[in-house]
Amino acid sequence: MYVKIGTQHFDNEGVIAISAITFQNVSYIIDERELLRDMTGTIEKGRITTLVGPSGAGKTTLLKLCNGLYSATTGTVSIAQRPISSIEPTELRRYVGIALQAAPMIDGTVYDNLCLPKQLRGETLTKEQAYHFLDDVHLPHNLLMQQARDLSGGQRQRVSIARTLVNRSPILLLDEITSALDRTACREIEALIQHINDTYDTTIVWITHNLQQALSIGHDTWIMMDGRLIEAGPSSLLTESTNEAVQAFVRGDAQ
Ligand SMILES: Nc1ncnc2c1ncn2[C@@H]1O[C@H](COP(=O)(O)OP(=O)(O)OP(=O)(O)O)[C@@H](O)[C@H]1O
């Protein structure tokens, strides 16, 4: 049981509850280009944190450091206070789920796609269990045996999210998952992510170019520019930051 005081969580003994993800002086260099520069910050457990910033700021690179796709060149990324380099890849994949804009599916049915996370661990998912995950993302049961390639964009994104739920990952990374969707489907996915965050206390890290979405959905925001973390804190920073570069970005001058 955690109590929230200010922006920090404390347990019964007054110890700060585990943070979800921490970055300690993290940089990432590839081909002599420094894509992330000396980033230090904490993504808090159980919250929705949006990652915003101009194109090329390094947002996707940051997500890739969180699920082990990239390794920090210097500094330390920790998940639940464990350096990511000490976590087994299979455990990490289970702990940190990811959903992408394109919602890539394997060729086959919705059921085949939902089975995938279990199959990777040599386990099986029963149809009854699969129906439960369809319920979670508000999709009808008759979609289970439909070919994934025939789904609408919104349905596809829901299946992609349901697939992350199969692992019950405490952390969910989302990379522009609504940018290809129409307004209605976008609202539905936003409500779904809020529901998952509320119901399972899942920590959500969400890259979005939609600042209105960041304001309405995010508890916190990280504003990145040119590989640096410029601001981190409550989403109200998007309108209240006194940083001129942030203000220019929010006005649309830097997008
Ligand atoms: N593998 C790579 N090798 C070299 N440069 C890369 C690589 N991946 C990304 N970059 C460059 O790093 C910078 C940051 O890319 P990244 O995709 O993290 O930005 P982003 O903030 O997510 O951008 P967007 O909002 O456009 O998706 C960009 O200039 C990109 O071209």
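Two residues are taken to be in contact if their C-beta atoms, placed from the backbone, lie within 7 Å. The model analysed here is predicted. By this criterion, Val205 touches Ile43, Thr49, Leu51, Leu63, Cys66, Leu173 and Leu174. Residues up to four places away in sequence are not counted.

Val205 also belongs to the largest nonpolar core, which holds 64 residues. Within that core, Cys66, Leu173, Leu174 and Val205 touch the most other members. Three of these, Cys66, Leu173 and Leu174, are contacts of Val205 itself. In soluble globular proteins, nonpolar side chains tend to be buried together.

The setting of Val205 is strand E10, residues 203-207. This strand is mostly covered, with 5 of its 5 residues buried. In a regular strand the side chains alternate between the two faces of the sheet. In E10 both faces are covered. Thr203, Val205 and Ile207 are buried on one side. Ile204 and Trp206 are buried on the other.

E10 has pairing partners in strands E5 and E9. Strand E5 spans residues 48-52 and pairs with E10 in the parallel sense, over 4 bridges. In this pairing, Thr49 stands opposite Val205. Strand E9, residues 171-175, runs parallel to E10 and is joined to that strand by 5 bridges. Here the bridge partner of Val205 is Leu173. Thr49 and Leu173 both appear among the contacts of Val205. Helix H6, residues 183-200, completes a β-α-β unit with E9 and E10. The unit is right-handed.

Helix H4, residues 127-136, was examined next. Its buried residues are Ala130, Phe133 and Leu134. These residues lie on the same side of H4, because they cover an arc of only 105° around the axis. Their cover includes helix H3 (110-119) and helix H5 (153-166). The face turned away from the buried side carries Glu128 and Asp135, which are exposed. Just after H4, His138 takes a positive phi of about 55°.

An unreviewed UniProt entry lists residues 21-251 as "domain: ABC transporter". In the model, this span is 37% helix and 27% strand. Its end C-alpha atoms lie 30 Å apart.

Note on methods: Residues numbered from 1 in each chain as written. Predicted model: local features only at pLDDT ≥ 70, side-chain atom pairs only at ≥ 80, totals over all residues. Buried ≥ 20, exposed ≤ 12 C-beta atoms within 10 Å, placed from the backbone. Helix = DSSP H or I, 4+ residues; strand = E, 2+ residues; numbered from the N terminus. Pairing = 2+ DSSP bridges. Right-handed = clockwise from strand over helix to strand, strands pointing away. Arc of directions from axis to C-beta. UniProt positions renumbered as here; feature names shortened; annotations may be inferred. Core = buried A, V, L, I, M, F, W, Y, C linked by C-beta atoms within 7 Å.
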